[in-house]
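The following note sets out numbered remarks for a colleague who is examining the coordinates. Please read each point with the structure at hand.

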Amino acid sequence: MSVNIEQIDACRWRIPREGAMRSEGLVFADRAMIERLRSEQALEQVRNVACLPGIVGPSIAMPDIHWGYGFPIGGVAAFDAEEGVVSPGGVGYDINCGVRLLRSALSAEEVLPHIEILADRLFQNVPAGVGSERRDLRLNLHQERQVLQQGAAWAVGQGYGTPEDLEHIEERGVIAGADPLKVSPRALERGRSQLGTLGSGNHFLEVQRVDKIFDPQAAELLGLFPGQVTVSIHTGSRGFGYQVCDDSLRRMIKASRKYGIHLPDRQLCCAPLSSPEAHDYLEAMACAANFAFANRQLITAWVRETFEQVFHKGPAALRLALIYDVCHNIAKWETHEVAGRARRLCVHRKGATRAFPPGHPETPAAYRQIGQPVLIPGDMGRYSFVLVGTQGAFSETYGSTCHGAGRVMSRHAAKKRARGQDISGDLQRQGISIRAAGRATLAEEIPEAYKDVRDVVSVVQQAGIGKIVARLKPLAVIKG
Amino acid sequence: MGSFELLEHTADIGIAAKADSWPELLQQLALGLRRILCGDSVIASTLCLTQTIRGEDREELLVNLLNELIFLLETRNFLTAELEVDCRATGVLTLHLHGEAFDPARHQWQQEVKAATYHQLRIEQDGESWRAQVYLDL
């Protein structure tokens, strides 16, 4: 079914309100992106989200948009506390999938002679792939419940990192209101052996170098310099979060019927924010978000250990410090100004990143002058970007921006394109060492399967919903 | 005679299956999931498990069945080679699963599957001809 779309300017498009839509759609994209989107269902999904009760402002889509389940990936929508709903489809199965970025005192020149052994050791020390786990991390039920309530702070309390890390994580690494009693035994069982694992697909651990600085002042405050080695970790709540989402969908499908909410798509199932079903979901979702924060904190600790082993230097010399950690699949209560009035809204970001501006109290003090860091991973062969949040984002997109490159090719098409290619060899010749646990992963994750993330962040910058600070290029990539 | 094929999706993957009965349709979907998880690896039927799945309608039963197979792999390391489905009781499926422990040395692990979804989920019956389509989040 085709979707009416009107161009507003070079990087904004409107889906006019019509039919069952309660608001309009607002898509950030350039013309080439919009033309590609016409051949898939993402725009229809943006329109469907605009049909949900209590939506405040437009159903928003970022330039890395592609079709997902219910909400598109790259979708943002905010809902009124009294009239609005919460939808698990607006968060996704991988609750609090997110990215963190570490900086170091090392240069690429120092690291490159050791890159192969570093990649081997990271692949050994950070579990990835089915059945992998750290044998030194076996949780009992009581400990797992503590993780769900405390998030990254639990990991720091066990010696995985420092209190300073917590100051550089969105929400300080814990979403309030988590209630482990709202989580099924099935989710607890599924999650227990997966805490501290990377996962597979587009999850990764990447050693990078700072390739280009676009904003020297912001880069200095983030502690970035040209040629510096950084590390990105992209993972989420693993089987725990997937199970929380699956459990919630069944309940929300029933809730949608109970509250008389018409669903253009069953995966948009939802419940009024004032309902017990909504409260239960948000409390379980918070558990999963906290699991993910703890997960990334544990992996960070093992990355730090690995660098110490390989470079025979201690933490003070390596200075592998956390720049920031962001969620990109989450629903959060936030206060935003709408028509001149401060309103408490439930903001859903599914494949979208919070991007709070300079001066915002939730932007860490160290970065308040420049805005909240935003970490945008690209594909494994090209580059990633570091941005900061802007007032433009806060005014127009509930302080949200893109989250990555977005796929343009199905996994089947990517594998077909990759047939006969020596993907590892090609990456190696580009100076990128790769370790992957899954055979399908490399072929499916070839760079051509993704949009060029440079195009995505260019639209974001042009639209004023993010400001580019630096570009990072991969040196080693570990995948599940 | 049942069959399945894998469906393209930008980020994930789908399974379309056809069969001559509801139980056989579910079997074909399970084989599709097996293909996605570990390609054409040979999986021995040395272990047996019996599991019960509940659901309010066929859609829920289908999604729950596939999610159960994913759950068993992740929590019991059990890789399903084949299954029989008993659906005589309304709203209940009894699964007799045959498989073995996942062995990365022998089973060509392809990728993790997060869950079967309700996205564009379709089950159609025309006499003795059954078809279904389901998408999986990777």
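Is Asp452(A) buried or exposed?

1. Asp452(A) is buried, because its relative accessible area is 12%, a value under the 20% limit for that class. The model is a predicted one. The side chain of Asp452(A) forms a salt bridge with that of Arg382(A), with 3.9 Å from N to O. Distant parts of the chain are linked by this pair: Arg382(A) belongs to the loop between β15 and β16 (384-388) of chain A, Asp452(A) to the loop between α16 and α17 (453-463) of chain A, and the two are 70 residues apart. Unlike its partner, Arg382(A) counts as partly exposed, with 23% relative accessibility.

2. A network of salt bridges with shared partners also deserves attention: Arg407(A), Arg411(A), Lys415(A), Glu444(A), Glu445(A) and Lys479(A) are joined in it. Over all chains, the rule gives 55 salt bridges.

3. A second pair in chain A concerns Asp325(A) and Arg100(A), whose side chains form a salt bridge at 2.7 Å from N to O. Asp325(A) is located in strand β11 of chain A and Arg100(A) in strand β7 of chain A, so this salt bridge ties together parts 225 residues apart in sequence. Asp325(A) has 0% relative accessibility and therefore counts as buried. Arg100(A) likewise has 0% relative accessibility and is classed as buried.

4. The salt bridge between Arg38(A) and Glu35(A) offers another setting, with the closest N and O atoms 3.6 Å apart. Arg38(A) is partly exposed at 45% relative accessibility, and Glu35(A) is partly exposed at 41%.

5. The interface of chain A and chain B should be considered next. Chain A contributes 44 residues to the contact and chain B contributes 38 residues. About 3500 Å² is buried between chain A and chain B, and carbon and sulfur atoms give 49% of this area. Of the area that chain A buries against chain B, 20% comes from Trp67(A), Tyr69(A) and Val130(A), more than from any other three residues.

6. Polar and charged pairs also occur across this interface. The rule finds six salt bridges between chain A and chain B, and one pair that meets the criterion is Glu56(B) with Arg257(A), whose closest N and O atoms are 3.6 Å apart. There are also 18 residue pairs in polar contact across the interface, both residues being at pLDDT 80 or more.

7. Which helices of chain A supply at least two residues each to the side that touches chain B? They are α8 (185-192), α10 (238-258), α14 (411-418) and α16 (439-444) of chain A. The most is given by α10(A), with 10 residues. Sorted by class, the side of chain A that touches chain B consists of 12 nonpolar, 16 polar and 16 charged residues.

8. Aromatic pairs form a further topic, and by the rule there are 11 of them over all chains. For Tyr69(A) and Tyr93(A), the ring centres are 6.4 Å apart and the planes stand at 85°, so the pair is edge-to-face. This pair links distant parts of the chain: Tyr69(A) lies in the loop between β4 (55-66) and β5 (73-80) of chain A, and Tyr93(A) in the loop between β6 (85-86) and β7 (98-107) of chain A, 24 residues apart. Tyr69(A) counts as buried at 3% relative accessibility, and Tyr93(A) counts as buried at 2%.

9. Tyr324(A) and Tyr367(A) make up another edge-to-face pair, with 6.5 Å from centre to centre and 85° between the planes. Here too distant parts of the chain are linked, with Tyr324(A) in strand β11 (residues 321-327) of chain A and Tyr367(A) in the loop between β14 (353-354) and β15 (373-376) of chain A, 43 residues apart. Both Tyr324(A) and Tyr367(A) are buried. Elsewhere, ring pairs join Phe214(A), Tyr383(A) and Phe385(A) into a cluster.

10. A last remark concerns His360(A), which is found in the loop between β14 and β15 of chain A. His360(A) has a relative accessible area of 13% and is therefore buried. With neighbours within four places in sequence left aside, His360(A) is in contact with Arg368(A) and Phe394(A).

Key. Residues are numbered from 1 along each chain as its sequence is written. Chains are lettered from A and ligands numbered from 1 in the order in which they are written. Side-chain values use heavy atoms; hydrogens and water are left out. Contact means heavy atoms within 4.5 Å. Buried area is the accessible area (1.4 Å probe) that two parts lose on being put together, summed over both. A salt bridge is a side-chain nitrogen of Lys or Arg within 4 Å of a carboxyl oxygen of Asp or Glu. A polar contact is a pair of N or O atoms within 3.5 Å; within protein, one must be able to donate a hydrogen and the other to accept it, and residues adjacent in sequence count only if both atoms are side-chain atoms. Helices (H or I, at least four residues) and strands (E, at least two) are DSSP runs, numbered from the N terminus. Ala, Val, Leu, Ile, Met, Phe, Trp, Tyr, Cys and Pro count as nonpolar, Asp, Glu, Lys and Arg as charged, and the others, Gly among them, as polar. Rings of Phe, Tyr and Trp (its six-membered ring) pair if their centres lie within 6.5 Å; planes under 30 degrees apart count as stacked, over 60 as edge-to-face and the rest as tilted. Buried means under 20% relative accessible area, exposed over 50%, partly exposed in between (1.4 Å probe, protein chains only).
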